[in-house]
Amino acid sequence: EVGVAQFTPPEIQHSKDFRMLRLENHDNFGLAILIFLILFMGRHPYSGVFHGREDMPIEKAIGEYRFAFGKTARYKLMSPPPNSVDMSIVPKEVSDLFEQAFTETGARPEGRPTAENWWAQLNTLEKRLKVCRAESSHAYFAGLVSCPWCSLENESGILLFLSADSISKIDLTKEW
């Protein structure tokens with residue numbers, strides 16, 4: 001009898017039966033959400049800008065497979081939220097796993113990536129990370145031309161990562 005709406009898969013999002021048998025595929029949805037939150041700076045994969053007429057709470061977006069960062073986002077009237085990165089920050093193999101987890105494909109029995117699938121691709125991604133030349137606290141997929149974190153910080157004006165250098169630049173007396 002447990003469940004958190006923002007981690008509940010679309011196929012059981014509107015279920016009132018809290019005693020239903022949850023399958024491994026349902027748990028794989030929650031795992032994919034956690035991985036997405038980690039890689040995309042806390043952004044939920046279904047949290048985005050809805051270009052329709054009404055509000056689009058995350059739970060409703062999940063139930064309608066409105067993956068804001070996915071290939072069909074535009075068709076589903078969604079786009080990533082402002083001041084966020086897009087799927088290009090990860091290799092195609094990782095973005096394909098997210099597509100599989102968050103679209104209608106995932107609702108099929110055993111349709112979502114397993115922990116083993118994620119382990120293999122994230123392990124590969126880790127080996128393909130590159131440290132930013134401008135900011136040593138930034139690491140990103142080496143297949144990119146430039147650091148997406150520098151771009152996001154410059155465009156948003158928000159410091160995303162704190163390093164010893166960035167902390168030492170803060171004038172505590174002035175801030176106090």
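Start by selecting Arg112 in this predicted model, a residue that counts as buried at 2% relative accessibility. Add Glu11 to the selection, and a salt bridge appears between Glu11 and Arg112, with the closest N and O atoms 2.8 Å apart. Because Glu11 belongs to the segment before helix 1 and Arg112 to the loop between helix 3 and helix 4, the pair ties together parts that are 101 residues apart in sequence. Glu11, unlike its buried partner, is partly exposed, its relative accessible area being 30%.

Keep the charged side chains displayed, since the structure holds six salt bridges. Next select Glu64 and Arg66, whose side chains meet at 2.6 Å, N to O; Arg66 counts as buried at 16% relative accessibility, whereas Glu64 is partly exposed at 31%. Then move to Glu54 and Lys60, where the closest N and O atoms of the salt bridge are 2.7 Å apart; here Glu54 is partly exposed with a relative accessible area of 44%, and Lys60 is partly exposed as well, with 27%. Finally, select Lys71, Lys92 and Asp96 together, which are linked in a network of salt bridges.

Now turn to the nonpolar interior. The largest nonpolar core has 36 residues, and those touching the most other members are Phe36, Phe40, Tyr46, Phe67, Phe98 and Phe102. Colouring by secondary structure helps here, as helix 1 (24-39), helix 2 (58-63), helix 3 (92-102), helix 4 (115-127), strand 4 (139-141) and helix 5 (148-156) each supply at least two residues of this core. Centre the view on Tyr46 and display its contacts: leaving aside residues up to four places away in sequence, Tyr46 touches, among others, Pro10, Phe29, Ile33, Ile58, Met78 and Phe102. Arg66, already seen in its salt bridge with Glu64, is also one of the residues that Tyr46 touches.

Follow the chain to helix 5, whose buried residues are Pro148, Trp149, Cys150, Leu152, Glu153 and Ser156. Helix 1 and strand 4 are included in what covers them. After helix 5 comes Gly157, with a positive phi near 75 degrees.

Which residues lie closest to the centre of the largest pocket? About 280 Å³ of space lies in this pocket, and of its 15 lining residues the closest to the centre are Leu39, Leu129, Ala139, Tyr140 and Trp149. Helix 1, helix 4 and strand 4 each supply at least two residues of the lining, which by class has 13 nonpolar, one polar and one charged residues. Leave Trp149 selected as the last stop: this residue is among the buried residues of helix 5 and also lines the largest pocket.

Key:
Residues numbered from 1 in each chain as written. Predicted model: local features only at pLDDT ≥ 70, side-chain atom pairs only at ≥ 80, totals over all residues. Heavy atoms only, no water. Core = buried A, V, L, I, M, F, W, Y, C linked by side-chain atoms within 4.5 Å. Buried < 20%, exposed > 50% of the residue type's maximum accessible area, 1.4 Å probe, protein only. Helix = DSSP H or I, 4+ residues; strand = E, 2+ residues; numbered from the N terminus. Contact = heavy atoms within 4.5 Å. 1 Å grid on protein atoms, 1.4 Å probe; cavity = no way out; pocket = protein on both sides within 12 Å on 5 of 7 lines; lining within 4 Å. Points joined across faces, edges and corners; volume = space filled by probe spheres on them. Nonpolar A, V, L, I, M, F, W, Y, C, P; charged D, E, K, R; others polar. Salt bridge = Lys/Arg side-chain N within 4 Å of Asp/Glu carboxyl O.
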